[in-house]
Amino acid sequence: MKSWLSRLSAILWAVAFVVSAAPAHAEKRVALVVGNNDYKNVPKLLKAVNDARTMGDTLKQLGFSVMVAENLNRQAFSETLLAFDRAVEPGDTAFFFYAGHGFEIAGQNYLLPTDVPAATEGQEELVRDASILADRIVERLQNKKARTSILVFDACRNNPFERKGTRAVAGGGGLAPMTQLPEGVFSVFSAGPRQTALDRLSNDDANPNSVFTRTFAKELLKPGENLVQVAQRTRRAVSEMADTVKHRQVPVYFDQMVDDVFLNGIAKGQAEAVKPSAPPQQVAALPPVAVPKLPKEETINAPIASFSRHNGGWSVTFSFADPTLGISWRIAGKSDFRETGFIDTLDPRTRKRMPNPSIELPPDAQAGTIEVRYVDQSGEMQGPFPIRFDPEAALIRDQRKILDMTSTSWLSFREFNGLLVYYTHLVSYRCAIREVRIGIDTAVPNQVLKMPSCNSRDPSAIPSDAQPYLKLAPQTKAVSVELTYRDGSVSEIKTFRR
């Protein structure tokens, strides 16, 4: 306990020094490197701490203010990330490096603190609750408005939960690809999807670092290489070394940068090399990772639709760029077109009654395509235009929007036979939430709040056996909350005070 507290104190002091020494609003380089060897309940590692130290030294040479953290349990990991948050300011370049155990569950990557519990088949929740979601770190840096975010994961090792004679938590090792990254983020994995990374090439390999980190650190220090070149050359070298011991390890990178980023060899303020014309967001990797293509709009006059779930079913509201004289719709392939009717409002553009832009669907409406057409101002029929209806995705999007707009209502305190904190609002919109974390009298949400499962037939109803409140100690002053949504994004931390 004392060891990590002392390390954390040093980190916080370093952050305070960096922030106070930097000019106001000046762009700077800030890095956090984490190495976890000393696991309590899963196999220990030998080189993760060395990898973190090596990367720390490398980044210092590149002008980064570096925080190095070693052997972090869940609480220390959360506190360290909070310190990193405080160091990052709008416009900064932020670098996060992690070496240790990582694990993929249902397409999401989790970084394992040293106190992660042992788990067997069916106990994935234990791992989720005790670990750090990798997407959470991306979200934090986006919230801090970092100009460039670089994330490097040397965590693609064997399944840490495998045990002889038992069935392990599902997964064969390796991490899932992170293809849905926001603009300004560059991520590197030490091995491709479902591959595992080598710590050493043989028993005679005395290098203190993993095969990936020893290579990546050297490439970073080569002058004049941009991030893509660093990743490509690392990938080639690591792949060739792994081939010598008949192991498949091909590092993968995901590039969502608009401009080239040089960490060494380009003077600050110097014009960077112009990239050949290419889509502004691309994913680069070996093997190649497909980038989802957006469907083409058939016309610029196509309407858009918003879906809202209520007790009686679905309300669908259409928005049109042009004035309309009439609107009709149908479920594709199942019925004839039906008019939406009119509302008691005059459209100032047409000086006629405004067509009703909304329709209703039953609560058990199935996924499908809604076809919409309209009569334009000249009397001509436009369309039909296909609009995809996915009830699950629409429900999540609708409830997420409500939660974002009503964040001040997530929690409320009440005095009734003691101090209670109610989270009824979160339970009502739980279908959009993957996980709720709270922190009692701490700014770091470090406890998982158990939520009832989503009932898509009556999503806002609170189950009769649910208890939407917690009993707190009378001296409690505040509760912090952080939501992880079902799309993988993470809310800002909200603090509620009595």
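**Notebook: strands, helices and one disulfide**

I started with strand 11, where I looked up how Phe-307 is paired and found that its bridge partner in strand 11 is Val-316. This is a predicted model, and I keep that in mind for every entry below.

**Entry on strand 11**

Phe-307 led me to the pairing as a whole: strand 10 (residues 304-310) and strand 11 run antiparallel to each other and are paired over seven bridges. I then followed the chain between them and saw that a hairpin of two residues joins strand 10 to strand 11. Next I asked which other strand is joined to strand 11 by bridges. I found strand 16 (residues 358-361), which runs antiparallel to strand 11 and is joined to it by four bridges. One pair I noted there is Trp-314, whose bridge partner in strand 16 is Leu-361. I also checked how covered strand 11 (residues 313-319) is, and wrote down that five of its seven residues are buried, which leaves the strand mostly covered.

**Entry on the six-stranded sheet**

I went on to an open sheet of six strands, and its order reads 2-1-3-7-8-9 with mixed pairing. At its edges I found strand 2 (65-70) and strand 9 (252-255), each of which pairs on one side only. When I looked up the angle between neighbouring strands of this sheet, the average was 10°, with direction ignored. Towards one edge, strand 8 and strand 9 pair in the antiparallel sense over four bridges, and in that pairing Phe-186 has Asp-255 of strand 9 as its bridge partner. Helix 2 packs on this sheet, where it touches strand 1 (29-35), strand 2, strand 3 and strand 7, and its direction makes about 165° with that of strand 1. Helix 3 (residues 74-87) lies across strand 1, strand 2 and strand 3, and I noted that it runs at about 170° to strand 1.

**Entry on helix 3 and helix 5**

Since helix 3 was already on my page, I looked up how it meets helix 5 (residues 134-143), and found that the two axes come within 10 Å and cross at roughly 25°. Angles under 35 degrees count as roughly parallel, so helix 3 is roughly parallel to helix 5. From helix 3 the contact is made by Leu-81, Leu-82, Phe-84 and Asp-85, and from helix 5 by Ile-137, Arg-140 and Leu-141. I recorded the crossing of helix 3 and helix 5 as right-handed.

**Entry on helix 6**

How many of the 10 residues of helix 6 are buried? I counted nine in helix 6 (residues 211-220), so this helix is largely enclosed by the rest of the structure. Among the buried residues I listed Val-211, Phe-212, Phe-216 and Leu-220, and also Arg-214 and Glu-219. I then looked for what surrounds them, and found that the buried residues of helix 6 pack against helix 2 (48-61), strand 3 (93-99), strand 7 (148-154), strand 8 (185-189) and helix 7 (227-243).

**Entry on the three-stranded sheet and Val-421**

I turned to an open sheet of three strands, which has the order 19-20-23 and antiparallel pairing. Strand 19 (412-415) and strand 23 stand at its edges with a single partner strand each, so one side of each has no neighbour in the sheet. The twist from one strand to the next averages 30°. Strand 20 (residues 419-422) pairs with strand 23 over four bridges in the antiparallel sense, and I noted Lys-471 of strand 23 as the bridge partner of Leu-420.

Within strand 20 I picked out Val-421 and asked whether Val-421 is buried or exposed. Its relative accessibility is 3%, so it counts as buried. Leaving aside neighbours within four places in sequence, the contacts of Val-421 include Leu-411, Phe-413, Pro-468 and Leu-472. For Pro-468 I noted a separation from Val-421 of 47 residues in sequence and 8.6 Å in space, C-alpha to C-alpha.

**Entry on the disulfide**

My last search covered the whole structure and found one disulfide. It is formed by Cys-431 and Cys-454, whose sulfur atoms are 2.0 Å apart. Cys-431 lies in the loop between helix 9 (424-428) and strand 21 (433-440), and Cys-454 in the loop between strand 22 (447-449) and strand 23 (469-472), so the pair ties together parts that are 23 residues apart in sequence. The torsion about the S-S bond is about 90°, so I wrote the disulfide of Cys-431 and Cys-454 down as right-handed. Cys-431 is buried at a relative accessible area of 2%, whereas Cys-454 is partly exposed at 31%.

Technical notes. Residues numbered from 1 in each chain as written. Predicted model: local features only at pLDDT ≥ 70, side-chain atom pairs only at ≥ 80, totals over all residues. Heavy atoms only, no water. Disulfide = S-S within 2.5 Å. Buried < 20%, exposed > 50% of the residue type's maximum accessible area, 1.4 Å probe, protein only. Pairing = 2+ DSSP bridges. Axes fitted to C-alpha atoms, helices over the stretch in contact; angles between N-to-C directions. Contact = heavy atoms within 4.5 Å. Parallel < 35°, antiparallel > 145°, perpendicular 65-115°, else oblique. Left-handed = near helix turned anticlockwise from the far one by under 90°.
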